[in-house]
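Trainee: Could we go through this protein together, starting from its overall build and ending with its unusual backbone spots?

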Amino acid sequence: MTKVVAAITTSVDGYITGPRDGPTRGLGDGGERLHYWVFGGPWSYEAEPRGEATGADKEYLEAAMARAGAVVVGRGMYEAADAWGGHSPFGVPLFVVTHRPDEAPSEGGFTFVDGLDEAITQARGAAGDKDVSVGGGADVIRQALRAGYVDELDITIAPLILGGGKRLFDGFEQTLNLEHAGLLQSPFATHITYRVVA
């Protein structure tokens, strides 16, 4: 059965980006460290990351990629990532939630969808028997949690205090019951998996 899994990396103080995130600085000022776990160590905006995840980080990332049949992201993440150079990096159908679906590029593997409900519906259809991954940003994850779509919440915590930027749960005033479902840890991150209890 297809599950909806929301997954994102935060700092210890709950930020998913540092200040001034955007194209060429997708994780904001100082935010590179949020994704050291993805690239196997330090990297910077000035030099393209060349490494890859290792150990527990690799185990977590490979499992997440293997079970994902479709990905949903917000327009803000799409733009902050500078459209990943014009090509979806996920290898599965990618749905971008936007109020301007007519601006969808004709190539690159992106489907622009007007609203989260329609994005989840299309992603479920595209995922087959695999999961739908809601990858961010924070606003799309909050919307998916509020709407009751999320079956599993994966939060990766980087050992970093950013002190500013975008917070995962800003403005989220809803109670959610979670059950612990898994934990992996490396020098670069702690990967926590929760089941969302209906």
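The conversation below moves from the overall fold to the core and then to the backbone.

Trainee: How many helices and strands does the protein have, and how does its radius of gyration relate to the globule rule?

Mentor: Bear in mind that this is a predicted model. The protein has 5 helices and 10 strands. The globule rule gives 16 Å for 198 residues, and the protein is as compact as a globular protein of that length because its radius of gyration is close to that value, at 16 Å.

Trainee: What share of the contacts with a separation of 6 or more joins residues 24 or more positions apart?

Mentor: Buried residues make up 45% of the 198 residues in the protein, and its C-alpha atoms fill a box of roughly 40 × 35 × 30 Å along the principal axes. Among contacts with a separation of 6 or more, the share that comes from residues 24 or more positions apart is 62%.

Trainee: Which residues touch the most other members of the largest nonpolar core?

Mentor: That core holds 27 residues, and the elements that each supply at least two of them include the strands β1 (4-11), β3 (68-74) and β6 (131-136) as well as the helices α4 (116-127) and α5 (138-146). One of the core residues, Ile120, touches Val4, Val72, Val132, Val134 and Tyr149 when residues up to four places away in sequence are left aside. The members that touch the most others are Val72, Leu116, Ile120 and Val134.

Trainee: Which two residues are joined by a cis peptide bond?

Mentor: Most peptide bonds are trans. Here the exception to look at has an omega of about 0°, and one of its partners, Gly137, lies in the loop between β6 and α5. The cis bond joins Gly136 and Gly137.

Trainee: Thr24 has a positive phi; is this residue buried or exposed?

Mentor: Most residues other than glycine have a negative phi. Thr24 instead has a phi near 75°, and it is found in the loop between β2 (15-17) and α1 (36-39). Since the cut-off for exposed is over 50% relative accessible area, the 61% relative accessibility of Thr24 means that this residue counts as exposed.

Trainee: Trp84 also has a positive phi; what is its relative accessible area?

Mentor: The phi of Trp84 is near 50°, and the residue sits in the loop between α3 (75-80) and β4. Buried requires under 20% and exposed over 50%, so Trp84 is classed as partly exposed, with a relative accessible area of 23%.

Terms used. Residues numbered from 1 in each chain as written. Predicted model: local features only at pLDDT ≥ 70, side-chain atom pairs only at ≥ 80, totals over all residues. Heavy atoms only, no water. Core = buried A, V, L, I, M, F, W, Y, C linked by side-chain atoms within 4.5 Å. Buried < 20%, exposed > 50% of the residue type's maximum accessible area, 1.4 Å probe, protein only. Helix = DSSP H or I, 4+ residues; strand = E, 2+ residues; numbered from the N terminus. Contact = heavy atoms within 4.5 Å. Rg over C-alpha atoms; globule rule 2.2 N^0.38 Å.
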